Amino acid sequence: MTETAMKAQDVRRSFLDFFVEREHREVASSPLILPKDPTLLFANAGMNQFKDTFTGKEARDYVRATTSQKCLRVSGKHNDLEMVGRTPRHHTFFEMLGNFSFGDYFKHEAIAFAWKLLTEVYGVPKERLWVTVFGGSDAVEADEEAYAIWRDQEGVPTDRIMRLGEKENFWRMGDTGPCGPCSELHYDLGEDLTSVEGESNPETDERRYIEIWNLVFMQYEQHPDKLEKLPKPSIDTGMGLERITSVLQGKRSNYDTDVFMPILEAGAHIAGVKLGENEEQDTSLRVIADHTRALCSLVSDGVVPSNDRRGYVLRRLLRRAIRHGRKLGIDRPFLHEISPVVIDGLSVQFPELIGAKDAILEVGRREEERFADTLATGLEMLEKELEQTAGDGPAVLSGEFVFKLHDTFGFPLDLARDAAEDRGIELDESGFDAAMARQRSKAQASWKGAKIEKSAPIYGELAPSHQTRFEGYSQVELDGVPVGALIREGSSVESLTEGQEGEVVLEATPFYAESGGQVGDRGVIHGPSGRLAVLDTQRPADGLIVHKVRVEQGELTPGQAVRAEVDAERRMAISRNHTATHLLHAALRECVGTHVKQAGSMVAPERLRFDFSHFAGLNERALEEIETLVNDQVLADTPIETELMPIDEALSQGAMALFGEKYGDQVRVVRIGDFSLELCGGIHVGHTGEIGLCKVTGERGIASGTRRVEAISGDASLSTFRDLRQTVGRLEHLLSAQGSDLVAEVERRLEQTKSLERELEKLKMGQVREQVGASVDDAPVVAGVKLFAQRVDGLEPKEMRELADSLRGKLGSGVVVLGRADGPKASLLVAVTEDLRKSLPAGDLVKSLAKIISGGGGGRPDMAEAGGKDPGKLDDALAAAKDEIARRMG
């Protein structure tokens, strides 16, 4: 191994090729948001996407795999955010190289593969490698087998094989499930990095020894009360690309490798600083480099900044990067200049970043602009709090307050600390830490597992023996179907009679149960002695479909054979909208960017809506482009194809999955030519031409980072166009204008109306001025000040201001007080001449008078306004102006 060894791209490729040559399937990285595991905030290990394979819940068509997995960690042993950039190996985003065996090979092969790759392919000196094995515990015996393999098979000297405890060398997936001992490979960076006085080894000296590869031997099954050996043990290994690259390139910091150097150099160029001259500046550059890698990967996987969960993590990372940019003197948006360097480096392995490039740049730019505003707001709030703190006895700035600034505005703790120190005020950092700990506990609690809604116990009782066979993909009617069970008010019953509502379980059904955003079918069930209207169809337990019914005639009992008929017209309308939703999703990704990910949907007979991740609203031009793309596909009359396949195969083909949906081993894939490919169990039309026409009816934001598009298709589109045509026809008749002339005629009449309104306003103001102008000369003098006070009901606020200004000019020196009542509200306006601004400020006068009408207000010294809720006291307020002036001038 030399310092001119492989580049990071070659390190990755060599790893994957090594295992492919040994009959491993190269599996693409899952997204950072795993479609099959809503319990996990982000992918944080290579084995995440294989979790169900290890637990036996899913089977794959291969037993060996290798990956380079995108990972993101923002907490934990090696991922304290505050340590990122300050140590050689702390990162948020990183790549985990891994090889996996699902009940195939075990320790002998896994250890041989690891040793051969490191020492022969990568050329790592054997004498620099140390190995740790599980040394046993009270509950689990030591892994003497691994110890012997390392010693005898690979020839590792016993003085470089260490037995460690359960904390270091025993891996568990959770409280229950597969688990087992592990062996870690450590690399000795050199004696000059020794940081302990006693014996230096991987257990005692983390500065000198770097863990590069962890081999987990899953050989046990953990039960609540016991540990059992697995009949088919498995292998899960993980090696950080950034770490092994630093070893192979002879670097003592991951940041000094070609993974990070181009990004660091770009940041230094923007900041106008040089790498290596100032440690604090270098730390800021490293933080920016790390967080920009996270930004690019998160946005490409559909995450946008928000104040909720994943979006909050991204926002926090972005704001930390921006803050460190400011510490470097960068006071303008800059992340969009660094991001292309990151994209160039990562897109070799993760090409999705190329398609998301525009979104990545825009997200960075927008968040920087937004943060500038929130930082200004936070500074203003902090200044007020510091002023109050300074006058409240012991000068200690509340840690709880600073945490709220940090949590709400992303306000940096160190900035608050500096501001407090400048005023000689101590910051309660323990209070801040306590508030942060509570927030972390709350966040962790919300992600310990997916919440499962509890349903009536009857469904769980029936599900094992009443699995419903769904026949609705190919037919809307099914005859001779036995009734399996009847439910009413949460209990099984022996009959449903006329007028009653309940639920029917059939052995087979053509009725689609609500799922994946598509509403449940409606229709009719005909029995030998009754007729039932199906009001809805639901799936309250796995495999159990229930038909919510109302008995319209006769009765129904278990065991009877019935004919189930779906409302075919309604079903067809739903099918049109469902296929249109897929087309809309694909069109959004093509027009807006591949970062667009589905965040929810609703497919009903009369309309559809599609929620998606995006950082900004779509303008009219973009919506038209999307609508055109969708309808081009409709006109192409493309056939809709469906196929069952293993989920990993579907995802590797690029099929889109909805996060939060639980998918089985086999999934149904819906393909629309080469335009759309999605995992979907819903009902669709046979050809896109059956949609008729898809019309986008609206687009809006529903949450930070989430947009909603609404649309219609088929008969609903036709009805809408008919209604619009009737409306236009009526307008043409009323305005005596046709077609394109209609808009011009409406514009002409609107302008005419505005002109008439302006003339009317002039006339009205003229009349008011004429009425009140005559009485200006008779204005009473109070304490040497002329006072003109009068009601002017009917004037608008703007007209009141114009009148007050005119009257003030006529007075020469004095005060004008105008009042008006408007329904349940009253308003006052006070204007004073220039010579009285200091002695009789308009703002002070109007505040005093406003109290009489149960209101408040204020304004400039020369003119101020107020509103109130008691118009009955308006005359009293006007009369009180005389006393108020007398009091102030006395």
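A crossing of two helices is called right-handed if the near helix is turned clockwise from the far one by less than a right angle, and left-handed if the turn is anticlockwise. The exercises below concern a predicted model.

**Exercise 1. Describe how helix 17 packs against helix 18, giving the angle, the handedness and the residues of the contact.**

Step 1. Helix 17 covers residues 568-591 and helix 18 covers residues 620-636, and their axes come within 9 Å of each other while crossing at roughly 130 degrees. Angles of 65 to 115 degrees count as roughly perpendicular and those over 145 as roughly antiparallel, so helix 17 is oblique to helix 18.

Step 2. In the sense defined at the start, helix 17 passes helix 18 in a right-handed crossing.

Step 3. Helix 17 brings Leu 583, Leu 584, Ala 587, Leu 588, Glu 590 and Cys 591 to the contact, while helix 18 brings Glu 625, Ile 626, Leu 629, Val 630, Gln 633 and Val 634. Sorted by class, the residues of this contact are 9 nonpolar, 1 polar and 2 charged.

**Exercise 2. Carry out the corresponding description for helix 1 and helix 3.**

Step 1. Helix 1 (residues 8-20) and helix 3 (residues 107-121) have axes 11 Å apart and pack at an angle of about 135 degrees, which means that helix 1 is oblique to helix 3.

Step 2. The crossing of helix 1 past helix 3 is right-handed.

Step 3. On the side of helix 1 the contact consists of Ser 14, Phe 15, Phe 18 and Phe 19, and on the side of helix 3 it consists of Phe 113, Lys 116, Leu 117 and Val 121. These residues divide into 6 nonpolar, 1 polar and 1 charged.

**Exercise 3. Find the strands with which strand 16 pairs, and state whether strand 16 is mostly covered or uncovered.**

Step 1. Strand 16 spans residues 501-506, and 5 of its 6 residues are buried, so that the strand is mostly covered.

Step 2. One partner is strand 13 (residues 477-488), which runs antiparallel to strand 16 and is joined to it by 4 bridges. Within this pairing, Val 483 has Leu 506 of strand 16 as its bridge partner.

Step 3. Another partner is strand 20 (residues 544-556), again in the antiparallel sense and over 4 bridges. Here Glu 501 stands opposite Arg 550 of strand 20.

**Exercise 4. Work out which strands stand at the edges of the sheet with the order 24-25-26, and why one side of each is left without a neighbour.**

Step 1. The sheet is open and is formed by 3 strands, with antiparallel pairing.

Step 2. Strand 24 (640-646) and strand 26 (676-679) stand at the edges; each has a single partner strand, and therefore one side of each has no neighbour in the sheet. From one strand to the next, the twist averages 25 degrees.

Step 3. Strand 25 (residues 666-672) is joined to strand 26 by 4 bridges, and the two run antiparallel. An example of a bridge is that of Arg 671, whose partner in strand 26 is Leu 677.

**Exercise 5. Trace the sheet of 6 strands and the helices that lie on it, and then place Lys 873.**

Step 1. This open sheet has the order 29-30-31-32-34-33, and its pairing is mixed. Its edge strands are strand 29 (781-782) and strand 33 (855-859), each of which pairs on one side only.

Step 2. Strand 33 and strand 34 run antiparallel and are joined by 5 bridges, and Gly 856 stands opposite Gly 867 in strand 34.

Step 3. Helix 23 (residues 842-850) lies across strand 31 (814-822), strand 32 (825-832), strand 33 and strand 34, and runs at about 150 degrees to strand 32. Helix 24 also packs on the sheet, where it touches strand 29, strand 30 (785-791), strand 31 and strand 32, and its direction makes about 170 degrees with that of strand 30.

Step 4. Lys 873 lies in the loop between strand 34 (863-868) and helix 24 (874-889). Its relative accessible area is 36%, so Lys 873 is partly exposed. Leaving aside neighbours within four places in sequence, Lys 873 is in contact with Ile 852 and Ile 853, and its C-alpha atom is separated by 8.7 Å from that of Ser 854, 19 residues apart along the chain.

How values were computed: Residues numbered from 1 in each chain as written. Predicted model: local features only at pLDDT ≥ 70, side-chain atom pairs only at ≥ 80, totals over all residues. Heavy atoms only, no water. Buried < 20%, exposed > 50% of the residue type's maximum accessible area, 1.4 Å probe, protein only. Pairing = 2+ DSSP bridges. Axes fitted to C-alpha atoms, helices over the stretch in contact; angles between N-to-C directions. Parallel < 35°, antiparallel > 145°, perpendicular 65-115°, else oblique. Contact = heavy atoms within 4.5 Å. Nonpolar A, V, L, I, M, F, W, Y, C, P; charged D, E, K, R; others polar.
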